[in-house]
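Student: Hey, can you walk me through this protein? I'd like to start with how far to trust it.

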Amino acid sequence: MNSLAEWLSSLDGARLARVLMARKDAVAPPEPRSLGELADRLQRQGPVALALPRLTRPYLQVTEALAALGAPASRDALAKLLGAADDETTRELDAALEVLADHALVWPDGAGKLRMAAPLRRAWDAPLGLDAPLEELLTGTTSDELRRMLVTLGVTPPGTKPQRLAALVEHHSDPEQIASVVAKAPAAARKLLERRAGATARQPEFIMFGVPGTGLEPGAQWALDRGLLVQDRHRYGPARMPAEVALALRGPSWQAPFEPVPPSVRLVSVTPAEVDREASAAATAFVARAVSVLSACSATAPARLKSGGIGARELARIGKAAQADDAVVRITLEAAYAAGLLGRDGDRMASTDTYDAWAEQEPSEQFAVLLQAWRNLPLTPTLARDEDNKALPALAGAPPCDGCLRARDGLLAAAAQLPAGQGARVTSDLGPLIAWHRPLADSSPQDGTPFAAVIREAELVGVLAHGALSSIGINLRDGDAEGLSIACGRLLPPAVSTARIGADLTAVVTGTPSARLAALLDSVADRETSGTASVWRFSAGGIRRALDAGRVPDDITADLTAVATGPLPQPLSYLIADTARGHGRVRIAPAACVIHGDEPALLAELAAHRGLAKLGLRHLAPTVLVSRSPLDTTLAALRSQGYAPVAETSDGTVRIDKTRPRRATTPVPAPRGTGAKDRRRIAATLAAMPPAAVDPNALATRLLAAAPTSPTLGFDRAEGPPSETAPFDGGGPFATDTEEIVAGWAKRLPYSDVRQLAHAIDTGEAITVDYVATSGNRTLRTLSRLVLDPPYLEAWCHLRDAERVFTLSRIHGVMPG
């Protein structure tokens with residue numbers, strides 16, 4: 001019975017049915033036609049992904065130990081490794097092997113060995129911190145290398161490679177021989193081997209680049225020569241220690257962990273009636289707040305962040321409107337989205353048509369929908385902050401967390417195993433129990449105690465009460481939808497359709513208000529509290545809100561009277577009447593412009609004129625009309641019909657319309673002979689003039705009397721000599737080649753600016769240029785690190801803080817930097 005199919009064929013009908021029930025995920029339609037096909041499907045359906053997450057800790061410990069031994073392995077070797085020596089532990093081991101066989105993960109063959117499903121061994125990279133067996137690690141070793149290892153160990157090598165491999169495996173399978181060899185090792189080699197034998201999969205050793213050489217660690221070569229370490233030629237990393245060597249070095253007293261008994265929980269006596277009473281109160285409060293949360297989302301769809309999800313600000317707004325804390329808001333939103341009550345609508349999360357039908361249901365039906373959605377959420381919705389304590393959005397679309405789902409499943413399984421009539425005295429004691437029942441579950445790093453968030457959620461929704469499962473939780477764990485509906489109907493009261501309205505202008509609803517009652521009270525009052533009892537407060541603002549929505553005072557009074565448990569209090573009647581009396585005393589009409597005049601007959605004629613109907617004229621007073629059309633459109637329409645209106649400005653004066661001839665706004669270029677020094681001189685002369693009106697003759701006299709200057713490099717007297725006449729104007733030759741090149745391309749520059757630009761290029765000094773871009777925009781740019789590349793100038797632009805290329809012909813002026 002080496003194969004799974006052979007073992008399945010040896011089972012009786014009852015045992016085979018038990019296997020099929022345990023692995024029903026693999027025998028879903030179409031039905032397998034033979035045991036061979038069934039075995040193949042059991043292998044291919046992924047025992048790691050489907051079966052292992054449902055197993056408790058001792059079952060996983062047994063499979064890990066068997067994987068470390070290297071199946072097939074004897075049951076005695078497994079029992080020795082797990083330390084199953086007494087009768088009770090042996091019975092627990094046998095029970096674990098039976099459960100694993102029911103899941104077609106581990107089965108006995110005809111030779112007294114235990115075999116395991118092929119994919120199961122790959123569930124661990126290093127089971128129990130052990131590497132692969134020696135025979136597997138020596139697969140690529142040559143015959144000569146095996147001979148040298150045997151000779152070094154003092155073993156006479158056989159003639160063939162398989163015989164040499166078998167001899168080396170046999171030698172290393174004896175822990176006493178391994179211990180004897182290591183006892184004679186040098187201190188460095190012995191220290192290295194002991195450290196490697198105690199390393200676990202969670203404490204790997206890394207090599208950053210390449211395969212380590214034998215000399216990287218002291219003593220490594222000694223161990224490699226004897227097969228105590230094996231260098232893998234096919235992958236990077238340190239030399240690998242065979243499993244047999246590691247087990248021998250850990251000593252005969254070392255045992256693999258095996259915890260067949262679950263952790264103890266401090267218990268307290270509690271009756272099912274007490275549990276359900278507490279669960280009823282929690283569920284009633286939760287569904288009332290959940291209804292309020294989704295009602296607030298229906299009234300104003302929550303905005304989504306650009307990065308996805310609903311942010312902290314929107315969550316706070318929803319919580320304030322619904323009078324619900326952050327945990328309830330998050331659970332409700334995630335469950336409602338999973339149930340299809342909310343959906344993405346552009347940049348918002350809007351209610352769906354399914355929500356409208358859900359809102360009309362009884363609280364028990366509403367709660368059952370949200371509870372089933374919560375049960376299957378692939379996340380922990382109340383996790384509000386990440387590891388860096390940053391706020392997390394809700395409905396962010398994070399990748400599914402299978403460990404979160406297993407944590408919720410583990411809580412239901414752990415609480416279901418508590419003795420009847422007993423509950424956990426402290427609910428935090430359930431954390432270790434969850435980890436025992438579902439070892440692959442995830443606990444949030446932010447939890448103060450293991451699985452605190454999952455336990456708190458279960459208490460909020462009434463699944464867990466007094467540390468025990470309620471009838472709601474029991475049916476939720478069993479997946480019994482009909483039973484869950486019955487339990488919810490029994491524990492949650494029906495919706496309340498009446499309210500107790502007091503003289504203090506409050507409306508109190510004990511229980512969950514019906515959708516119609518909640519909508520009515522929300523429209524005329526402000527909700528103050530939600531939960532087991534909800535309170536609304538009437539105010540002038542709430543009544544005004546209803547009047548603004550088109551309600552009339554008599555309808556408001558009639559609707560409130562219909563839902564009140566008694567007559568409406570006099571203060572509320574007075575509030576409705578007083579608010580209605582002042583409502584609409586001031587009216588605001590839409591108008592694009594106003595037409596007024598002193599002749600009512602003329603304005604009446606305009607209002608009745610068919611040719612002006614498109615303006616939308618309406619009487620506000622005998623001498624006032626409003627028009628829905630803009631002023632210029634209204635003015636043109638009246639004039640086209642033969643009237644002679646005039647337009648007014650905002651201050652009531654007559655507007656005079658003058659048509660000005662259109663003129664170009666092209667700037668006047670500066671004279672070619674005007675350099676930077678000349679511009680500064682003219683500017684200084686103008687600045688010295690008094691602010692009074694300037695006499696052109698006096699200004700001309702002052703300018704003519706000023707000392708003559710010639711184009712310079714733009715320096716002061718101390719900065720350099722005056723420039724010569726430009727060569728283009730019959731002067732001497734260019735002072736440098738750079739000047740000649742710049743002058744040939746920058747034809748808009750005066751010669752003084754050409755000399756200044758050439759000087760800056762040659763000396764590396766910074767300058768400021770008046771530059772006109774291709775778009776026509778004119779800017780001042782300070783440039784440095786100048787490089788001449790005709791017809792371009794490459795430079796570092798301080799305005800853009802980057803390298804830029806400038807066209808010489810577009811430089812219109814040069815000034816010092």
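Tutor: We'll go from confidence to sheets to a helix pair.

Student: What kind of model is it?

Tutor: It is a predicted model. The protein averages a pLDDT of 83, and 82% of the residues score at least 70.

Student: Where is confidence lowest, and where is it highest?

Tutor: The lowest is helix 31, residues 676-688, with a mean of 50. The highest is helix 17, residues 326-338, at 95.

Student: Which stretches stay under 50?

Tutor: Residues 200-215 do. The model has 22 contacts beyond four places in sequence for them. Residues 707-724 also stay under 50, with 27 such contacts.

Student: How should I read spots like that?

Tutor: Where pLDDT is low, don't read the predicted coordinates in detail.

Student: OK, sheets. What is the strand order in the one with strand 16?

Tutor: The order is 14-16-15. It is an open sheet of three strands, paired antiparallel.

Student: Why do strands 14 and 15 each have one side without a neighbour in the sheet?

Tutor: Strand 14 (593-596) and strand 15 (618-621) stand at the edges, and each has a single partner strand, so one side of each is left without a neighbour in the sheet. On average, neighbouring strands here are turned by 35° against each other, ignoring direction.

Student: How many bridges link strand 15 and strand 16?

Tutor: Three bridges, in the antiparallel sense. Strand 16 covers residues 624-627. Arg618 has Val626 in strand 16 as its bridge partner.

Student: What does helix 29 lie across?

Tutor: Helix 29, residues 600-608, lies across strand 14, strand 15 and strand 16. It runs at about 25° to strand 16.

Student: And the sheet with strands 1, 2 and 3: what is its order?

Tutor: That open sheet goes 1-3-2, with antiparallel pairing. Strand 1 (73-74) and strand 2 (106-108) are the edge strands. Three bridges join strand 2 to strand 3, residues 113-116. Pro108 stands opposite Leu114 in strand 3.

Student: New topic. At what angle do helix 25 and helix 27 cross?

Tutor: Roughly 135°, with the axes coming within 11 Å. That makes helix 25 oblique to helix 27. The crossing is left-handed.

Student: Which residues meet there?

Tutor: Helix 25 brings Arg516, Leu517, Leu520, Leu521 and Val524. They meet Ile556, Asp559, Leu560 and Val563 in helix 27.

Student: How many are nonpolar, and how many charged?

Tutor: Seven are nonpolar and two are charged, with no polar residues in the contact of helix 25 with helix 27.

Methods. Residues are numbered from 1 along each chain as its sequence is written. This is a predicted model: local features need pLDDT of at least 70, side-chain atom pairs count only at pLDDT 80 or more; totals for chains, interfaces and linings use all residues. Side-chain values use heavy atoms; hydrogens and water are left out. Two strands pair if DSSP finds at least two bridges between them. Helices (H or I, at least four residues) and strands (E, at least two) are DSSP runs, numbered from the N terminus. Axes are lines fitted to C-alpha atoms, for helices over the stretch in contact, and angles run from 0 to 180 degrees between N-to-C directions. Contact means heavy atoms within 4.5 Å. pLDDT is the predictor's confidence in each residue, from 0 to 100. Angles under 35 degrees count as roughly parallel, over 145 as roughly antiparallel, 65 to 115 as roughly perpendicular and the rest as oblique. A crossing is left-handed if the near helix is turned anticlockwise from the far one by less than a right angle, and right-handed if clockwise. Ala, Val, Leu, Ile, Met, Phe, Trp, Tyr, Cys and Pro count as nonpolar, Asp, Glu, Lys and Arg as charged, and the others, Gly among them, as polar.
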